[in-house]
Amino acid sequence: MRSFAIQDDFPHRLVDSLRESWRILGPVAGRDGVCRLARIENWQELSPAAIPLIPPKKVLLPPGDPLWTLADNSYSPSPPPEPVALLGIPACDLYGVAYLDLVFAEDPLYCRRRENLLLVGAPCTPGPECFCPPRLEPPPFDLFLDNGRIWTGSPAGEGILAAWAQELGDPGKMPLPETVLGGEGVRPPENLERTFLDSIHNPLWRQVGERCVSCGACSAVCPTCYCYDVVDEALPGEGVTRIREWDNCFFRNHALVAGGHNFRPTRAERLRFRFEHKLLGFGALRGVSSCVGCGRCGRACPVDIDISDVLARLVSEGAP
Ligand code: SF4
Ligand code: SF4
């Protein structure tokens, strides 16, 4: 990883040059106070250190994603993805993309979008709900910008900076800003998997589940929640389109199967399922937690259910 000192106006010139090849999106706070990944034309439009309500998954896995269309006996796959550059992305969302990369490593549509995605990171200002865990490795990014400095993290990033090689001069060895490698976070205990298995009768799940209204907001805003359903939409005269659309493990019919059996009919069971998936990720299979500690779920929950509070209680109470 190489880094270079940059002049104050460099970010603006970078955006100007990227605009020629990429659609550029970044966190922008709207008049309604909500920060979204929105199209930008210049660097000043970015809201500094802001975390968008809906993370980069909305670019890689759009909520209603046409996979193919069959019309007049003719099959059309989804159109090639347009190149997108995401600017000003905080470290938690970069780690979120790393997790989605593992899950969708063999999904052709995801992989095409990922190949056409340029990630430009920026430092964040952790809020009260953030609990990003400490990291040993930096997240994936192509470029990372902080005050007066730019880092390259991929051949694509190196290629972009090659155009400014003369201006940038010799690279330095400055480390990335401290917050990129996580904060204090809630470090799950070594035996969390056993703790979860033993907690099935812990009243914690029923008590927190009784507060949950199954709105699904926590999953919708989570950078690593990716449950989806596949539906076929048939319109008169327009053939059939197969669409991948967001699903949500908090919805009652999420685990409903043929014959009417529901694997998780109660809110307590759905709550425990989500927390297990977030904190253990692929668990024994891959050993990767899928919670990046962004705190979005706690901010979005209308009844103040916070994953770090639940984890703390689970660890202190364990099996009843
Ligand atoms: S579970 Fe909550 S804190 Fe963890 S990554 Fe998802 S939204 Fe962020
Ligand atoms: S946001 Fe809160 S109330 Fe809504 S499903 Fe998630 S935990 Fe339940």
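## Exercises on strand pairing, ligand shells and cavities

In strand β3, R36 is the bridge partner of V28. The model is a predicted one, in which local features need pLDDT of at least 70 and side-chain atom pairs count only at pLDDT 80 or more, while totals for chains, interfaces and linings use all residues. Residues are numbered from 1 along each chain as its sequence is written, chains are lettered from A and ligands numbered from 1 in the order in which they are written, and side-chain values use heavy atoms, with hydrogens and water left out.

### Exercise 1

Task: determine in which sense β2 and β3 pair, and over how many bridges.

Solution.
- Step 1. Strands are DSSP runs of E with at least two residues, helices are runs of H or I with at least four, and both are numbered from the N terminus. Two strands pair if DSSP finds at least two bridges between them.
- Step 2. Strand β2 covers residues 23–29 and strand β3 residues 35–39; five bridges join them in the antiparallel sense.
- Step 3. Individual partners can then be placed: P27 is opposite L37, and A29 has C35 as its bridge partner in β3.
- Step 4. The two strands form a hairpin with five residues between them. In its turn, G33 has a positive phi of about 85 degrees.

### Exercise 2

Task: place β2 and β3 in their sheet, and state which strands lie at its edges.

Solution.
- Step 1. The sheet is open, has seven strands with mixed pairing, and runs in the order β1-β9-β8-β7-β6-β2-β3.
- Step 2. The edge strands are β1 (2–5) and β3, each of which pairs on one side only.
- Step 3. Neighbouring strands are turned against each other by 25 degrees on average, with direction ignored. Axes are lines fitted to C-alpha atoms (for helices, over the stretch in contact), and angles run from 0 to 180 degrees between N-to-C directions.
- Step 4. β2 also pairs with β6, in the parallel sense and over three bridges. R23 has V84 in β6 as its bridge partner.

### Exercise 3

Task: give the strand order of the open sheet of four strands.

Solution.
- Step 1. The order is β5-β4-β11-β10, and the pairing is antiparallel.
- Step 2. At the edges are β5 (74–77) and β10 (228–235), each pairing on one side only.
- Step 3. From one strand to the next, the twist averages 20 degrees.
- Step 4. Six bridges join β4 (residues 64–71) to β11 (residues 239–246); T69 has T241 in β11 as its bridge partner.

### Exercise 4

Task: identify the residues that come nearest to ligand 1, and classify its shell.

Solution.
- Step 1. A residue is near a molecule or strand if one of its heavy atoms lies within 4 Å of it.
- Step 2. The shell of ligand 1 holds 13 residues, of which C222, C291, C294, G295 and C297 come nearest.
- Step 3. Two or more shell residues come from each of the elements α10 (267–280) and α11 (296–300).
- Step 4. The shell divides into eight nonpolar, two polar and three charged residues. Here Ala, Val, Leu, Ile, Met, Phe, Trp, Tyr, Cys and Pro count as nonpolar, Asp, Glu, Lys and Arg as charged, and the others, Gly among them, as polar.

### Exercise 5

Task: state in which cavity ligand 2 sits, and describe its surroundings.

Solution.
- Step 1. On a 1 Å grid over the protein atoms alone, a cavity is a set of points where a 1.4 Å probe fits but cannot get out; a pocket is an open set with protein on both sides within 12 Å along at least five of seven lines; lining residues have an atom within 4 Å of a point.
- Step 2. Grid points are joined across faces, edges and corners, and a volume is the space filled by probe spheres set on the points.
- Step 3. Four cavities of 30 Å³ or more are found in the whole structure. The volume of the largest is about 140 Å³, and among its 17 lining residues C212, C218, F250, C301 and I305 are closest to its centre.
- Step 4. Ligand 2 sits in this largest cavity, a term that requires more than half of a molecule's atoms to lie within 2 Å of the grid points.
- Step 5. The residues that surround ligand 2 include C212, C215, C218, F250, C301 and I305. By class, its shell has ten nonpolar, two polar and no charged residues.
- Step 6. The lining of the largest cavity has 13 nonpolar, two polar and two charged residues, and α10 gives the most to it, with three residues.
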